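Me: I've got this one open in the viewer and want to go through it bit by bit. Can I throw questions at you, with the cut-offs spelled out as we go?

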Amino acid sequence: MNRSTDVVTLYHCVSARSFRPLWTLEEIGVPYALVMLPFPPRVLARPYLDVNPLGTVPALFHEGMRMTESAAICQYLAARFSPGELDVGVDEAAFGAYLNYLHFGEATLTFPQTLVLRYAHFETAERRQPQVAEDYARWFLARLRTLEPLLAQQDYLCADRFTAADISVGYALLLAQHLELDKGFPPSVAAYWRRLQDRPAFHRAMAAQDNAAQAQGVPTIPSPDIRT
């Protein structure tokens, strides 16, 4: 698989975790190359293992550097291309909150949903564990409730503006919508999710992945919707 190390190059599956850096790129407006892969790429795009031996997305290349963690990529892009806007600087009072919510989106909110996906949908019928999936769905919704009082008082998570932390948490809400867990969103979280979906860059990122998938001959079905 060819890649440029000068232009930002993102390897992506439709609506997978790699949507975080794609959305970030659209918010910033930096030029990028988008390489679409079928899901799961470790099975359906074996040459991708030369790009990322784990076979997971995202993989981002820029100026000879490779990154594979979605929240870290958002932090990198925000700091590199959007200081004082998507990024929160170390001298800002909200710096700690920014880092906390940036990683909360992946470590606390997305992780339990991956277990719901695996044990309710991705495993073969004989290996599915409905009770495990139900337990982790409850786990996700319980952790999500910690955002309710905060978002009842402010539009975004920190720094009085939209930041990469909102993108990180926003992807977790997108994944929850695919899993039909959005019915359990507290009112202020549901309103916050609507605000995020109204952002023009969110719409551009959604269109970009669909257009690139069609152009590159990759299925456009969202990764969380694939069923065995």
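Me: Is Glu-26 buried or exposed?
Reply: Go by relative accessible area: under 20% is buried, over 50% is exposed and anything in between is partly exposed, using a 1.4 Å probe and protein chains only. Glu-26 has 14% relative accessibility, so the label is buried.

Me: What kind of model is this?
Reply: On bookkeeping, residues are numbered from 1 along each chain as its sequence is written, and side-chain values use heavy atoms, with hydrogens and water left out. Totals for chains, interfaces and linings use all residues, whereas local features need pLDDT of at least 70 and side-chain atom pairs count only at pLDDT 80 or more, since what you have is a predicted model.

Me: How many salt bridges does a search of the whole structure find?
Reply: The test is a side-chain nitrogen of Lys or Arg within 4 Å of a carboxyl oxygen of Asp or Glu. Run over the whole structure, the search gives twelve.

Me: Which residue does Glu-26 meet in a salt bridge?
Reply: The N to O distance for this pair is 3.2 Å. Glu-26 sits in helix H1 (residues 19–28) and its partner in helix H9 (residues 200–215), so the bridge ties together parts that are 178 residues apart in sequence. Helices here are DSSP runs of H or I with at least four residues, strands are runs of E with at least two, and both are numbered from the N terminus. The partner is Arg-204.

Me: What is the relative accessible area of Arg-204?
Reply: Arg-204 falls in the partly exposed class. The value is 39%.

Me: How far apart in sequence are the parts tied together by Glu-27 and Arg-199?
Reply: These two side chains form a salt bridge at 2.8 Å, N to O. Glu-27 belongs to H1, while Arg-199 is in the loop between helix H8 (187–197) and H9, so the link spans 172 residues.

Me: Which residue forms a salt bridge with Glu-92?
Reply: The closest N and O atoms are 3.0 Å apart. Glu-92 is in the loop between helix H3 (70–81) and helix H4 (95–122), and its partner is in the loop between helix H6 (148–151) and helix H7 (164–178), so parts 69 residues apart in sequence get tied together. Glu-92 is partly exposed at 26%, while the partner is buried at 19%. That partner is Arg-161.

Me: Where is Thr-163?
Reply: Thr-163 is buried, with a relative accessible area of 0%. Leaving out residues up to four places away in sequence, Thr-163 touches Glu-85, Leu-86, Val-88, Tyr-98 and Cys-158, where contact means heavy atoms within 4.5 Å. Its place is in the loop between H6 and H7.

Me: At what angle do the axes of H3 and H4 cross?
Reply: Axes are lines fitted to C-alpha atoms, for helices over the stretch in contact, and angles between N-to-C directions run from 0 to 180 degrees. The two axes come within 9 Å. The contact includes Cys-74 and Ala-78 of H3 and Leu-99 and Leu-102 of H4. The crossing angle is roughly 145°.

Me: In what order do the four strands of the open sheet run?
Reply: Strands count as paired if DSSP finds at least two bridges between them. The pairing is mixed: S1 and strand S2 (residues 32–36) run parallel over five bridges, whereas S1 and strand S3 (residues 59–62) run antiparallel over three. S3 and S4 are also antiparallel, with three bridges. The order is S2-S1-S3-S4.

Me: Which strands are the edge strands?
Reply: Look for strands that pair on one side only. Those are S2 and strand S4 (65–67).

Me: How many residues of strand S1 are buried?
Reply: Strand S1 (residues 8–12) is covered on both faces. Val-8, Leu-10 and His-12 are buried on one side, and Thr-9 and Tyr-11 on the other. The count is five of five.

Me: Which residue in S2 is the bridge partner of Tyr-11?
Reply: Tyr-11 has neighbours across two strands, and in S3 Tyr-11 stands opposite Ala-59. In S2 the partner is Val-35.
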